[in-house]
Protein chains: 2
Amino acid sequence: MPAQMEIATSATALKARTAWMADLDREPLQMTGTVVHVGEGREIFAEGDDTHLFYKVISGVVRVCRFLSDGRRQIEAFHVEGEVFGFELGEERTLSAEAVSDCSLVSYRRGHIETLAKKDQAVAHQLFQYAMKNLAQAQGHCLVLGRRGAAEKVASFLLGWAQHSMEKGVVHLAMTRQDIADYLGLTIESVSRSLSQFERDGVIALPNARQVRMLNTDALEDLVA
Amino acid sequence: MPAQMEIATSATALKARTAWMADLDREPLQMTGTVVHVGEGREIFAEGDDTHLFYKVISGVVRVCRFLSDGRRQIEAFHVEGEVFGFELGEERTLSAEAVSDCSLVSYRRGHIETLAKKDQAVAHQLFQYAMKNLAQAQGHCLVLGRRGAAEKVASFLLGWAQHSMEKGVVHLAMTRQDIADYLGLTIESVSRSLSQFERDGVIALPNARQVRMLNTDALEDLVA
DNA sequence: CGCTTAATTGATCAGGGTCAATCGTGGTGG
DNA sequence: CCACCACGATTGACCCTGATCAATTAAGCG
């Protein structure tokens, strides 16, 4: 368990109705977790770690990834508020996770939740839903990775990310170009070039590297087809 | 529901201890399914279909895939004996499935199983396990798709497939080159060239297009790293 | 105000896509 | 039984996209 994660307070002690508790009634996991804060770039867990904890994102963005022996990195998924990540079948992790931005998470004890799930079918159902959500995400990711063109991939990523973090037509990218590249199986240069090209085509505007104004969503959707 | 699937017999009526029932005791889904046979190349379900059925493979190989509007196909996964496929979150399927070879499957009614799962935690747990298995598979697939080289991808596929169907050092490929290509995000030609190169390098032998004799597994594993 | 790191842009190159021809094999029908 | 056909697989030639290498710009931050 990484030292850089600071335990803020037990979730059970939290009285304030914060965002992650917004749907209390439909959230059987509510009372069982511990809130932790993780600074930008910090490790949440690493390949080879024990799998006895898993997490739910309260705020911030998390990347889950795998490293190849030659140093390349494949980002499996970005996780945002409300999403659960970090459960695996085996005892030992095959993936690692880091905070893309400062994050607040709830950590759950796997064994504890499994015990709960045995008694309470609502917990079991919730767990299953989270697993399925992640599965659907991974399958969508496969589709993007299988796509031929770099522009297609970047467009696909933009549209997907826009669904999370668009505000008045402006998407805030929490992650670096390198993160995007590692997510899409491209190089940083290809990502940059695709974005520049979109801007030249008047499809997006880039007020700064982290802000994308969506000018012509349809054009992107045509690309993704 | 495709007409080409012929219902053989209710699973509950099956007395013979066939392979798919081998681990009866650990299989809470055992008594609830219907056995169907699907001929090679036949559709099992299509994008847009209802999700009220899901399946378990008794024998044969199934491909689960998605079609892009321009006709390209991304194969999400190949499923073999013992694997479960075809459950999705929504009411409507986002994926289609076809028989790569003649298949025997058990189909389960989603609603029925969900009712069971509410009463029997063992069923719920089993379902969760299957979902997680598919998740792990999809994540592994992402890793392969993200890889740079064609040879790396093909090597990775061969090693993965060998774990299912190797027999005395010979792997039988149930699928065509096109299937492999669509699974790996390559063209048929690139797959063929990679295999030919492996053969020239003495890493494999290709007695015929569907048989691969593994001569130097280590060399392949080095490629995949 | 420099220093550091991220991002963009340009030039070149190689891997894989594309197009096309050939080979091989299994199935069918004369 | 064999000839032919159809389809999958292989091989070759060429081209294009994206990787690589390198230089420049931009943006935080002490």
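Q: In the hairpin of β5(B) and β6(B), which residue takes a positive phi?
A: This is a predicted model. In chain B, strands β5 and β6 pair in the antiparallel sense over six bridges. Five residues lie between the two strands of this hairpin, and the one with a positive phi, near 100 degrees, is B:Gly71.

Q: Which residue of β6(B) stands opposite B:Phe67?
A: Strand β5 of chain B covers residues 62-67, and β6 of chain B covers residues 73-79. Opposite B:Phe67, in β6(B), stands B:Arg73.

Q: What is the bridge partner of B:Val62 in β8(B)?
A: Besides β6(B), with which it shares six bridges, β5(B) pairs with β8(B), residues 96-99, in the antiparallel sense over four bridges. In β8(B), the bridge partner of B:Val62 is B:Ala99.

Q: Why is strand β5 of chain B largely enclosed by the rest of the structure?
A: A residue counts as buried when its relative accessible area is under 20%. β5(B) has six residues, and it is largely enclosed because the number of them that are buried is five.

Q: In what order do the four strands of the open sheet in chain A lie?
A: The pairing in this sheet is antiparallel. Its edge strands, each pairing on one side only, are β3 (43-45) and β6 (73-79) of chain A. From one strand to the next the twist averages 30 degrees. The order is β3-β8-β5-β6.

Q: Which residue of β8(A) stands opposite A:Glu43?
A: β3(A) and β8(A), the latter spanning residues 96-99, pair in the antiparallel sense over two bridges. Opposite A:Glu43, in β8(A), stands A:Glu98.

Q: How many helices and strands are there in chain A, and what share of its residues count as buried?
A: Chain A holds six helices and 13 strands. Among its contacts between residues at least 6 apart in sequence, 70% join residues at least 24 apart. Of its 225 residues, the share that count as buried is 51%.

Q: What rotation superposes chain A on chain B?
A: The superposition has an RMSD of 0.0 Å, with 0.0 Å of shift along the axis, and the rotation is 180 degrees. The two copies are thus related as by a two-fold rotation axis.

Q: Why can the copies be said to meet through the same surface?
A: The answer rests on how far the interface residues of chain A are also interface residues in chain B. The copies meet through the same surface because that share is 100%.

Q: What percentage of the atoms of DNA strand C that come within 4 Å of the protein do sugar and phosphate account for?
A: There are 17 residues around DNA strand C, and those that come nearest are A:Arg177, A:Ser192, A:Ser196, B:Ala150 and B:Ser190. Of the atoms of DNA strand C within 4 Å of the protein, sugar and phosphate account for 67%.

Q: Which residue has a side-chain N or O atom 2.7 Å from a base oxygen of DNA strand C?
A: Side chains also come to base nitrogens of DNA strand C: an N or O atom of A:Arg193 is 3.0 Å from one, and an N or O atom of B:Glu189 is 3.0 Å from one. For the base oxygen at 2.7 Å, the residue is B:Arg193.

Q: Which element gives the most to the surface near DNA strand C?
A: The elements that give two or more residues to this surface are α5 (188-200) of chain A together with α5 (188-200) of chain B. With four residues, the element that gives the most is α5(A).

Note on methods. Residues numbered from 1 in each chain as written. Chains lettered and ligands numbered in written order. Predicted model: local features only at pLDDT ≥ 70, side-chain atom pairs only at ≥ 80, totals over all residues. Heavy atoms only, no water. Buried < 20%, exposed > 50% of the residue type's maximum accessible area, 1.4 Å probe, protein only. Pairing = 2+ DSSP bridges. Axes fitted to C-alpha atoms, helices over the stretch in contact; angles between N-to-C directions. Least-squares fit on C-alpha atoms with pLDDT ≥ 70 in both. Contact = heavy atoms within 4.5 Å. Near = heavy atom within 4 Å. Polar contact = N/O pair within 3.5 Å; in protein donor to acceptor, adjacent residues only side chain to side chain.
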